Amino acid sequence: MLLEVRDLHVEFTTRDGVAKAVNGVDYSVEEGETLAVLGESGSGKSVTAQAVMGILDVPPGRIAGGEILFKGRDLLRMKEEERRRIRGAEMAMIFQDALSALNPVLTVGKQLGEMYEVHRGMSRKDARAKAVELMDRVRIPAAKQRVGDYPHQFSGGMRQRIMIAMALALEPSLIIADEPTTALDVTVQAQVMDLLAELQRELNMGLILITHDLGVVADVADKIAVMYAGRIVEAAPVHEIYKAPAHPYTRGLLDSIPRLDQKGQELYAIKGLPPNLLRIPPGCAFNPRCPMAQELCRSDVPPLYPVTESPVARASACHFWKECLHG
Amino acid sequence: MPDPERPEPAGYDPVGPRPKEAVSPTGQGGPMDLALDEAESVEGIEKTAGPGASGPRERARSLWSDAWHQLRRNPVFIVSAALILFLVLIAIWPQLIASGDPLQCDLSKSQQGSAPGHPFGYDTQGCDVYTRTVYGARASITVGVCATLGAALLGSALGGLAGFFGGWGDSLLSRVADIFFGIPVVLGGLVFLSVVTSTTVWPVVGFIVLLGWPQIARIARGSVITAKQNDYVQAARALGAGNARMLLRHVAPNAVAPVIVVATIALGTYIALEATLSFLGVGLRPPTVSWGIDISNAASQIRNAPHMLLWPAGALSITVLAFIMLGDAVRDALDPKLR
């Protein structure tokens, strides 16, 4: 197993109290596998990723419990210096907005080369040659001429390719992509996702794809973890979940995708708002918005019920997953 | 941010530091205005690019080259820079325009008006006012430049570290800075400098640094805090950069502009402060030649011999004005929001 997150808890101390951003998340990624983490803003998907990368802002953030096993070693027990050497070399992250994630005062060649200077101790000249190689690899046209350009001289899609190149520079075994295509327009989105998927296959990397776009997920992911209020509410292989969701929240997400045959009708939306993380409702966190909620949902927190064990593992954190699955 | 696609106007003459190579249409022998450390690798690029590989491309503009481009067309900058260049030259080589000795005086000519070879007349001691005004630039520029460098280095180092790491060190530094802010400049000068017996410029420089660093530290702290919240600093961390690399390579270059602006404007006020302290008799002392000392000596004789006051005071005003104008121009160029 490449990465295994076990019962992770993350809290943020705020002026109004302790916000529980992640409440016992379990997920795992194998080499060459793509896990899509799906959820609304504030569901804890990015915070989980930051905890894995070790770039959580501490304080106000705090890892309150759990384990993050990377190649069998618990990252949370490592010394900071050791983690720093892993970051970038063995696990890397792709950020949402490449324009703000690239340093405006350094040329892209310098930023790409920096990876080799920091981790491999290469000379500037060699690092620059490697930077050109990387830019070719993510198919930036005229890489040799553009290596000395600044980030603002590239288009959005090209900038995201540069972000991908930076993440891939040292051929890490795990990549976390935090909404890599959200800031791009639709045609470019597909190109960037295809590139990412292709490079992943080539290098046999594990990929955690954080997104709220179900359309992106269907094409590239192997399995999906749906998060709500800091918990995983449903985990399943990608095709199973599209066929028959086993959690009312997942069902709501799927129903809110616009479809061609719904022309002229009002688009479905899950009513209500995501819960305030300072005051997560008792019982199932989704119960105030759930169309199937009953008394049990308001009192008891649902565990992650196994839905099927084989041939594929599926789980749902709904007391009434059977009704949801078949209804 | 400037429009990246903006084409260069025809006849644009590249001057100044630009870390970008120009590729000629033929792919060989492009303009050799390259940054030094990139010259080698660029040669390789030009050889392999081949004819017709790319047309003449617009030049990369970093914040700095863009600011420089803007500055060069600003008349305020040209005037102030020319003045400052002149002042610096005569501060280093006053003999260039004054052949006399500022300390060679003839009491018999006390307070006389202008005479052939002595256009500004004589002061109470019979010294040539023109020569003394020219030589006075040295003290003012030395104090201004050294005090600004000292305050900027100390202030940005302390403020930058405090802003980057935060925590109790930050709180402590901010309170210490508040204490120094609370010291009244003239009163503090009278107290601290009246016990000093040295006749060099260093006690004055030291005092100005002592009072000047908190201002720079506040600016540096604020702009480092802003810069460190940028995604690219997080990204650098996620890709394995350590604290030193993040601070020096990713935060500092993006936080330094406001510090430069404030320091440039402060330089003018530091020169005025030196003159104030010298006027009060606690700044520079004779035999150092200083505009402040001359203004002080001339002030009581203003009705008998106003020329003794006007020339050094005029020189002081123009110098302070030049530095403040330069600071203004630099601020306009470095702050994209003001464009």
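These legends go with close-up views of a predicted model.

**View 1. The four-stranded open sheet of chain A.** Let us start with the sheet that runs in the order β2-β1-β4-β5 in chain A, where the pairing of the 4 strands is antiparallel. Its edge strands are β2 (17–29) and β5, and each of them pairs on one side only. Helix α1 (residues 45–53) of chain A packs on this sheet and touches β1 (3–14), β2 and β4. The direction of α1 makes about 110 degrees with that of β1(A).

**View 2. From β4 to β5 in chain A, by way of K71(A).** Here β4(A) and β5(A) run antiparallel and are joined by 2 bridges. Look for F70(A), which stands opposite R73(A) in β5(A). The loop between β4 (61–70) and β5 (73–74) of chain A holds K71(A). Although K71(A) is not a glycine, its phi is positive, at about 50 degrees. Most residues other than glycine have a negative phi. K71(A) is partly exposed, with 15 other C-beta atoms within 10 Å.

**View 3. A positive phi at A142(A).** This close-up shows the loop between α5 (124–137) and α6 (143–146) of chain A, where A142(A) is found. A142(A) is not a glycine, yet its phi is positive, about 55 degrees. Is A142(A) buried or partly exposed? With 15 other C-beta atoms within 10 Å, A142(A) is partly exposed.

**View 4. The eight-stranded open sheet of chain A.** Follow the strands of chain A in the order β6-β7-β8-β3-β9-β10-β12-β11 and you have crossed an open sheet of 8 strands with mixed pairing. At the edges stand β6 (91–94) and β11 (305–308), each with a single partner strand, so one side of each has no neighbour in the sheet. On average, neighbouring strands of this sheet are turned by 20 degrees against each other, direction ignored. Helix α7(A) packs on the sheet and touches β6 and β7 of chain A. The direction of α7(A) makes about 170 degrees with that of β6(A).

**View 5. The parallel pair β3 and β8 of chain A.** Moving into that sheet, we find β3(A) and β8(A) running parallel, joined by 5 bridges. A handy landmark is A36(A), which stands opposite L209(A) in β8(A).

**View 6. The two sides of helix α8 in chain A.** Helix α8 (residues 186–203) has 18 residues and reaches 26 Å from its first C-alpha to its last, close to the 26 Å expected at 1.5 Å a residue. Which residues of α8(A) are buried? They are V192(A), M193(A), L196(A) and Q200(A). Because these residues cover an arc of only 100 degrees around the axis, they lie on the same side of α8(A). What covers them includes β3 (34–38), α7 (156–168), β7 (174–178), β8 (206–211) and α9 (214–220) of chain A. Turn to the face away from the buried side and you meet the exposed residues T187(A), D194(A), E198(A), R201(A) and E202(A). After α8(A) comes N204(A), whose phi is positive, near 55 degrees.

**View 7. L267(B) and its contacts.** Our last stop is helix α9 (residues 243–279) of chain B, the place of L267(B). L267(B) counts as buried, with 27 C-beta neighbours inside 10 Å. Not counting residues up to four places away in sequence, L267(B) touches G144(B), V145(B), T148(B) and F323(B). G242(B) and L267(B) are 25 residues apart along the chain, and their C-alpha atoms are separated by 35 Å.

Methods
Residues numbered from 1 in each chain as written. Chains lettered and ligands numbered in written order. Predicted model: local features only at pLDDT ≥ 70, side-chain atom pairs only at ≥ 80, totals over all residues. Expected span 1.5 Å × (residues − 1). Buried ≥ 20, exposed ≤ 12 C-beta atoms within 10 Å, placed from the backbone. Arc of directions from axis to C-beta. Contact = placed C-beta atoms within 7 Å. Pairing = 2+ DSSP bridges. Axes fitted to C-alpha atoms, helices over the stretch in contact; angles between N-to-C directions.
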